[in-house]
Amino acid sequence: AAARASRSEMCQRIEEIHGEDALDRLAQARSEWEGLPADPDAETHAAFMARFEEACRRVTTRHENLQEAAKTNVRLDELSREAEQLAAQEDSPAYAWDSVSREWNALRGKSESLDEAVQQRYTAAETTVRERAEARKAAAEKALRQQVQRIDQLIERVHKRAEAEDLTLKEADKAARDLRAAIETPLTVPH
């Protein structure tokens with residue numbers, strides 16, 4: 001009965017092992033387990049062995065998960081620094097940000113204990129990049145509106161001049177060239 005209580009207590013201890021030193025503590029528990037005498041009842045012995053092996057497997061899995069989470073957090077820290085650098089560059093290429101952002105989003109869901117400073121660094125970079133993109137879009141829209149307005153004004157001037165009875169062929173030709181040039185001029189979008 002004392003041996004059974006000892007085995008049950010040992011299984012309980014193993015089931016509660018967590019942390020960085022889990023594998024060392026598990027190895028120590030395994031050596032203690034091996035020092036225990038076998039239970040005279042084969043069924044009871046098999047049940048204890050199954051419980052022991054399952055507890056050991058869970059400790060190993062938890063330790064592997066802990067190591068994987070630590071690797072993920074290190075990579076997220078690296079990505080937040082890359083994001084910060086990209087945000088600091090006025091002319092960083094969009095594909096570079098997209099790559100960092102995509103990897104960040106893929107890894108972020110796998111991390112439960114990310115340092116708040118890392119999250120804040122990434123969020124600040126993301127905000128900067130988004131605001132810069134919005135400013136570029138607004139500038140492009142403004143440039144397009146201005147170009148359309150210039151073309152509208154040119155059309156209006158040409159239309160008024162065309163209605164005049166003293167319009168010369170030379171003036172009409174120049175007006176047509178000006179309109180064609182204005183329409184065919186590519187939009188210059190500020191970066």
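Contact between two helices is taken here to mean heavy atoms within 4.5 Å, and the axes compared below are lines fitted to C-alpha atoms over the stretch in contact. On this basis the packing of helices in the model, which is a predicted one, can be described as follows.

The axes of helix 3 and helix 4 approach to within 10 Å, with a crossing angle of roughly 155 degrees. Angles over 145 degrees count as roughly antiparallel, and helix 3 and helix 4 are therefore roughly antiparallel to each other. The crossing of helix 3 past helix 4 is left-handed. On the side of helix 3, the residues that meet helix 4 are Thr-72, Arg-75, Leu-76, Leu-79, Ser-80, Glu-82, Ala-83 and Leu-86. Their partners in helix 4 are Ala-96, Trp-97, Val-100, Glu-103, Trp-104, Leu-107 and Arg-108.

Helix 3 also packs against helix 5, where the axes come within 8 Å and cross at roughly 30 degrees. That angle makes helix 3 roughly parallel to helix 5. This crossing, between helix 3 and helix 5, is left-handed. Helix 3 contributes Leu-76, Asp-77, Ser-80, Arg-81, Ala-83, Glu-84, Leu-86 and Ala-87 to the contact. These residues meet Val-118, Arg-121, Tyr-122, Ala-125, Thr-128, Val-129 and Arg-132 of helix 5.

Among the helix 5 residues in this contact is Arg-121. With a relative accessibility of 16%, Arg-121 counts as buried. When neighbours within four places in sequence are set aside, Arg-121 is in contact with Asp-77, Ser-80, Arg-81 and Glu-84.

Aromatic side chains were examined next. Rings count as a pair if their centres lie within 6.5 Å, and by this rule there are three aromatic pairs. In one of them, the ring centres of Trp-33 and Phe-52 are 4.2 Å apart and the planes lie at 10 degrees, so the pair is stacked. Trp-33 belongs to helix 2 (residues 22-34) and Phe-52 to helix 3 (residues 42-88), so the pair ties together parts that are 19 residues apart in sequence. Trp-33 and Phe-52 are both buried. In addition, the charged end of Arg-7 sits over the ring of Trp-33, at 4.7 Å from the ring centre.

A further stacked pair is formed by Trp-104 and Tyr-122, because their ring centres are 4.0 Å apart and their planes are at 5 degrees. Trp-104 is located in helix 4 (residues 94-108) and Tyr-122 in helix 5 (residues 116-163), so this pair links parts that are 18 residues apart in sequence. Both Trp-104 and Tyr-122 are buried. Trp-97 joins Trp-104 and Tyr-122 in one aromatic cluster. Trp-97 and Trp-104 are also among the helix 4 residues that meet helix 3, while Tyr-122 is one of the helix 5 residues that meet helix 3.

Two further residues were considered for their accessibility and for their separation from other parts of the chain. Pro-40, in the loop between helix 2 and helix 3, is exposed, with a relative accessible area of 82%. The C-alpha atoms of Pro-40 and Glu-64 are 35 Å apart in space, for a separation of 24 residues in sequence. Gln-149 is placed in helix 5 and counts as partly exposed at 46% relative accessibility. Between the C-alpha atoms of Gln-149 and Glu-32, which are 117 residues apart along the chain, the distance is 86 Å.

Note on methods: Residues are numbered from 1 along each chain as its sequence is written. This is a predicted model: local features need pLDDT of at least 70, side-chain atom pairs count only at pLDDT 80 or more; totals for chains, interfaces and linings use all residues. Side-chain values use heavy atoms; hydrogens and water are left out. Rings of Phe, Tyr and Trp (its six-membered ring) pair if their centres lie within 6.5 Å; planes under 30 degrees apart count as stacked, over 60 as edge-to-face and the rest as tilted. Helices (H or I, at least four residues) and strands (E, at least two) are DSSP runs, numbered from the N terminus. Buried means under 20% relative accessible area, exposed over 50%, partly exposed in between (1.4 Å probe, protein chains only). A charge sits over a ring if NZ of Lys or CZ of Arg is within 6 Å of the ring centre and within 35 degrees of the ring normal. Axes are lines fitted to C-alpha atoms, for helices over the stretch in contact, and angles run from 0 to 180 degrees between N-to-C directions. Angles under 35 degrees count as roughly parallel, over 145 as roughly antiparallel, 65 to 115 as roughly perpendicular and the rest as oblique. A crossing is left-handed if the near helix is turned anticlockwise from the far one by less than a right angle, and right-handed if clockwise.
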